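Reader: Hi, I'm just starting out with protein models. Could you take one part and walk me through it closely?

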Amino acid sequence: MTTPREPGPDPLAIVAKLAAQERELAEKPVLAPVVAGGRVRVRLSGIVYQMELEDPAFEGWAILSMVAPGRARVVDKPTRSLVTAYLKLMPRVRLILLDQHQRRWWGIAAQQSDKRFRIDKAVPLCLVGQAASFDTVYARFDGSAFWWEGPDRRRDPGVARGLRKARQDDVSPESLHVRGMVPQERLAYQLLWLLAHPEALTSKELGAILPGQGLENRQAGRLTRALDHAGAQLDSFWNTEQGSTVVRFYVDGREHVVEVRTDDLTVLSSGICLSDMDQDFDLTSLVDVLREHEGQDDGF
Amino acid sequence: MTEFDPKALDALMTAETRGGPVLHVRFQGKSQDIPLARLDIGPGSSDETIRQAVARHLDVDVARLNGTVIERHANGNLTLRPEAVFGQ
């Protein structure tokens, strides 16, 4: 005996809603941060619109105007006060900078006691101003990316200088002594040192050096397995106050950012329009759906 | 100095434990992973055979799995999931 399927959402209503949102986006200039590659995402009523800039080399804060579906142009440079007001809409976090990879800075949480986020891994930080390894900085988190706000001027810069000097001298973590260093700064140093000395790394040592972040990191392992099942690669993830997890990963080299329920990985927001049926899928099954969607090549 | 590579850092911090191929089932809002060996199927089994094995495992009528999609991955794993309906 078959179970009758409940009627789905009205496709015409969905199309009309999306068209109205697109018109709204076309009529109003928007303030947005833009990273290299010229892609920008704007979220309207829960739907993420991705646009490509006419100038793909542009990077920075910009006032944008949509010139065609999926394409935007920089029309003005926002004032510092406008950018500050924008950043203040997002929760603030403190990060300790590690190093740059492909012109992007990465950092770890400056404190593990932050109840709003649990940043278990190194995270990329966008549009960083003047900075150096081990600097403690402020960033704002928009749900999928961390945006540079500025240096933490209350933190003694002598600590970061001492750590940079120790790294230059290749001092082992066991021999590291920097006056005023806090545990997360030591962790940042250990991470960088381990990357430079993989021969020193055994699972036992990793567990000892990175308590709670090594092989015992159950959440990272669960997300990795969920994605690996279908051939996708975990990049990073962040937990939110609402009990969800934002996961950034790659499918066939293409980046995706998806929000899932933390406990069972049910998809809350897939980043694509699934006719409000996102929760039919979990992280693993979504990987195939994203491939199918890419195959359609239907823009937004 | 070694070039900083976040992915290498990620790999260091993540456990990689892999067993035999697994079928991931997403059905009626619930998920489970079932080793293919337990279902007595393989990556080359037909869709019909896979649906019948899953129906037996879940103790549901195989007709309830009509409309599901079966994906085969390069690593030998399988996924059974609902059909996706894309908006425009």
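Author: Sure, here's a walk through chain B, with a stop at one of its loops. First, the ground rules: this is a predicted model, where local features need pLDDT of at least 70, side-chain atom pairs count only at pLDDT 80 or more, and totals for chains, interfaces and linings use all residues. Residues are numbered from 1 along each chain as its sequence is written, chains are lettered from A and ligands numbered from 1 in the order in which they are written, and side-chain values use heavy atoms, leaving out hydrogens and water. (pLDDT itself is the predictor's confidence in each residue, from 0 to 100.)

Chain B has 3 helices and 4 strands. Those are DSSP runs, numbered from the N terminus: H or I of at least four residues for helices, E of at least two for strands. Start at the N terminus and you'll meet them as α-β-β-α-α-β-β.

Now zoom in on the loop between helix 2 (36-39) and helix 3 (47-58) of chain B, because that's where you'll find B:D40, which is exposed at a relative accessible area of 72%. Its phi is positive, about 60°, even though B:D40 isn't a glycine. Exposed means over 50% relative accessible area, buried under 20%, and partly exposed in between, using a 1.4 Å probe and protein chains only.

Back to the whole chain: of the 88 residues in chain B, 42% are buried. Its accessible surface is about 4700 Å², and carbon and sulfur atoms account for 47% of that; such areas come from the Shrake-Rupley method with a 1.4 Å probe, and for residues only the protein chains shown count as cover.
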